Amino acid sequence: MKVLLLGGTGTLSSDVLKYSIQHKYSTAILNRGRNNTHIDKDVRIFIADLKFPETINAILGEETFDVIVDFYSRTKEDILKLFSVLSKRCVQYIFISSACVYCRNNNSLQALSENCDKPNKLWNYNVYKYEAERQLIKMSKQYDCYYTIVRPYITYNKERIPWGIAPAYRFHRTIIERIKSGKPMFVWNGGTNYCTLTYSEDFAKALVGLFLNPKAMNEDFHITSDYCYQWKDVLFTIYKELKITPNIVDLPTSLIIKYLPEYKNELIGDRSLNAIFNNQKIKEAVPEVSFQTSLNEGIRRVIAYYETLPTFNYDFRYDARIDRMLFKCGEKGLHFIPYTNSTIHAKKTYLIYRYLPLRIANKLNEYIS
């Protein structure tokens, strides 16, 4: 089987790449080439900017594939451009959408299925992903290849802590250092909203099971695991694995939105809504699927991974913004802490975002970077 991944280096796609290779599939990736240093030597690499699909034909030449997995597209415009080019090169086109597209009632604990109403209009991201799904379905009727829509929810790996309001990707050591330094973390609405968390390896095994699977022909699935927690459980688990007494501030969503407006849509349109899923459909299509990584085990892997690194990346913008909010909500003694191996620019970044409005901080940060 020949497989092409649009991406191959992100949280999900890197593990899908790994398991595709383990199945001995001839696997290639197509991306901009910025993070390909550690790609397996047996993987073919095609370099192109997916923002400009017209260049893809020249890059791929006469190459065709059995399966193409699209980790890139976010909007119907992306699908319109990419599918029209790549559909001629594959049998199955898998679009990675999002389980955030389902409409949810925050007071309901009923498990979500693929038949639930869509889209969730409280966050534009949800709407854009659903519009991309509809565009794919519409266009697939004009081409010979078939589609499969896959909806992950909150996924994480050894580099990523599954926290609802998190630092930049690959900068999640920031949360560990906040906790170790004694700085408080926070929850919204008592941390009682339910979330479903999926370790990326578990997701990848299920996704690879859909490659040329007859049950996946023109079908949609969410792959979201059986592990469901309240958000406060996530923080308590991090503190427990670090062997530190919890220091957590409970804030209403309205206050977080006031002081962290950049997270408004994400909070209202997802993190403050219950997210419990029924995984029957994916289990029927891929009987061998199993979700084996609990939150405790997943967090242990994250902590162990960061302890092995010689240097760390920190998101001091995130650290400062959280301190700014908590100070305005009454927490005292919050200040810059030079975390282990932090850069000489860390304090400047922290102070800009700690004391200046976000719009001004962003402009000033661009100037000094």
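1. Two strands count as paired if DSSP finds at least two bridges between them. Keep that in mind as you look at this predicted model, because pairing is what puts its strands in order. There is an open sheet of seven strands here, and reading across gives β3-β2-β1-β4-β5-β6-β10, with parallel pairing.

2. Now look at the edges of that sheet. β3 (44-47) and β10 (219-223) stand there with a single partner strand each, so one side of each has no neighbour in the sheet. Ignoring direction, neighbouring strands are turned against each other by 20° on average.

3. Let's zoom in on one strand pair. β2 (residues 26-31) and β3 run parallel and are joined by four bridges. If you want a spot to click on, try Ala28, which stands opposite Arg44 in β3.

4. Which strands does helix α4 touch? Helix α4 (residues 124-140) packs on the sheet and touches β5 (92-96) and β6 (146-152). The direction of α4 makes about 165° with that of β6.

5. Next, have a look at the second largest pocket. It holds about 640 Å³ of space. Lining this pocket are 24 residues, and the closest to its centre are Ser14, His38, Lys158, Glu159 and Arg170. By type, the lining divides into six nonpolar, 10 polar and eight charged residues.

6. Where does that lining come from? α1 (11-22) and α6 (200-208) each supply at least two residues. The largest share, five residues, comes from α1.

7. Some backbone details deserve a check. Most residues other than glycine have a negative phi, and most peptide bonds are trans. Here, though, a cis peptide bond joins Lys118 and Pro119, with omega at about -5°. You'll find Pro119 in the loop between β5 and α4.

8. Arg170, already met as one of the residues closest to the centre of the second largest pocket, has a positive phi, near 70°. Arg170 sits in the loop between β7 (154-156) and α5 (173-181). Is Arg170 buried or exposed? Partly exposed, because its relative accessibility is 30%, and the class in between runs from 20% to 50%.

9. Leu212 is another residue other than glycine with a positive phi, this time near 55°. Look for Leu212 in the loop between α6 and β10. With a relative accessible area of 32%, Leu212 is partly exposed.

Technical notes: Residues numbered from 1 in each chain as written. Predicted model: local features only at pLDDT ≥ 70, side-chain atom pairs only at ≥ 80, totals over all residues. Heavy atoms only, no water. 1 Å grid on protein atoms, 1.4 Å probe; cavity = no way out; pocket = protein on both sides within 12 Å on 5 of 7 lines; lining within 4 Å. Points joined across faces, edges and corners; volume = space filled by probe spheres on them. Nonpolar A, V, L, I, M, F, W, Y, C, P; charged D, E, K, R; others polar. Axes fitted to C-alpha atoms, helices over the stretch in contact; angles between N-to-C directions. Contact = heavy atoms within 4.5 Å. Buried < 20%, exposed > 50% of the residue type's maximum accessible area, 1.4 Å probe, protein only.
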